[in-house]
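Trainee: Could you pick one part of this model and take me through it closely? I'd like one connected walk rather than a list.

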Amino acid sequence: MQLSPRLGRYAVHVVVVAACYYAGARVGLLQALVNDQVTPLWPPTGVAVLALLLGGQRMWPGVALGAFATNSTLADLGATFLITAGNTLAPVVAYLLLKRAGFRPEMDRTRDALALVLLGGFVGMAVSATIGSGTLLATGVIDGSLFWSTWTVWWTGDALGVLVFVPIVLALRPLRLRDHPVRRWVEAVALVVSTAVVMAVASTHDLRLMYLVFPFLIWAALRFQHLGTAPCALIATTLAARGAARATGPFADLDLVVRMVTLQAFNSTAVLTALLLSAVIAERNAARAAIERTVAQLSDVVARYQPLALGDLLPKPPEKR
């Protein structure tokens, strides 16, 4: 029995989503802080939300398959099923909330930035953090004293996965290399390198200099809008998460919960600032383009009637007999 071409393409998409989820999980587990499975940066949530945004709710089996493959190597069968359910339900909830809010992948409105951060990141990922931490508590992996620290790490990692990887992919989708001159690419490279250098120093230095990245986020928003802020926010939040995982720089000498709260506060502020400012600039540019189109149309109307003489517009006197 052969699969129909449509069903075959769907199966391939599900497998690709599962593979990307699993690959992202292996990267995220390199920074695990609790039981070798709870990390402050969890890329698979970004993969899952992206798959749902781009492919629709029917992509959830790919998320579930990737989550099961990941958790089966970290927990027993019962815990694997529960954590997989939480890891699948959270992106679906985030997707439904974003869809209800009228989220547009172009992210050219302020409401889109707010929806992604608040609904897709914070609210949606609280589901997986609650189910996952509750499962670890119920199975005896952690005791009651570690529940909230585990929950904060889980929630921070899942939310950061959404806030970091969803914007960058949505920004790069419509990119066409030929549409930008060389000088723009030189400026973009300088921006990205500067952001990376500043955050590499700030996330490892004891002087708490992470706020220095905000001028670069503003630069990215003003000059490149979403296409510039997405990679800069990715660099900033990833290096901040790395510093929090290693307890270096501004995260040194802080207990786990305080580190996660500090990390989440910085990440949410940086991402929200970058996305909101980009959306405001995009809205301003769209309004300006609309005004310019209206002016051009009015100019065409004026040019069309300009050759008429003034006498042609006045009533003519009656002819004499």
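Mentor: Let's go through the stretch around α8 and α9, then the loop after them, and finish with two other helices for context.

Keep in mind that this is a predicted model. Start with the pair itself: helix α8 covers residues 214-224 and helix α9 covers residues 226-246, and their axes come within 6 Å, crossing at roughly 155°. An angle over 145° counts as roughly antiparallel, so that is how α8 and α9 lie with respect to each other. On the α8 side, the contact is made by L217, A220, A221 and F224. Facing them from α9 are H226, L227, G228, T229, C232 and A233. Sort the contact of α8 with α9 by class and you get seven nonpolar residues, three polar ones and no charged ones.

Now carry on past α9 into the loop that leads to α10 (256-305), where A247 sits. Check its backbone: phi of A247 is near 55°, which is positive even though the residue isn't a glycine. A247 is partly exposed, at a relative accessible area of 29%. The loop between α9 and α10 also holds D253, another non-glycine with a positive phi, this one about 65°. D253 is exposed, with a relative accessible area of 82%.

For context, have a look at α5, residues 110-138. Its 29 residues reach 41 Å from the first C-alpha to the last, close to the 42 Å expected at 1.5 Å a residue. Don't read that as a straight rod, though: α5 has a kink of about 30° centred on A126. After α5 comes G140, with a positive phi near 80°.

α5 also links to the other helix I'd look at, since it is one of the helices that the buried residues of α2 pack against. The others are α1 (5-28), α3 (60-71), α4 (77-100) and α6 (147-172). α2 itself runs over residues 43-55, and its 13 residues should span 18 Å, which agrees with end C-alpha atoms 18 Å apart. This helix is mostly covered, with 10 of its 13 residues buried. Among them are P43 and P44, followed by T45 and G46, and further along V49, L50 and L53. α2 is followed by G56, and here too phi is positive, near 90°.

Methods: Residues numbered from 1 in each chain as written. Predicted model: local features only at pLDDT ≥ 70, side-chain atom pairs only at ≥ 80, totals over all residues. Heavy atoms only, no water. Axes fitted to C-alpha atoms, helices over the stretch in contact; angles between N-to-C directions. Helix = DSSP H or I, 4+ residues; strand = E, 2+ residues; numbered from the N terminus. Parallel < 35°, antiparallel > 145°, perpendicular 65-115°, else oblique. Contact = heavy atoms within 4.5 Å. Nonpolar A, V, L, I, M, F, W, Y, C, P; charged D, E, K, R; others polar. Expected span 1.5 Å × (residues − 1). Bend = angle between axes of the 7 residues up to and from the residue. Buried < 20%, exposed > 50% of the residue type's maximum accessible area, 1.4 Å probe, protein only.
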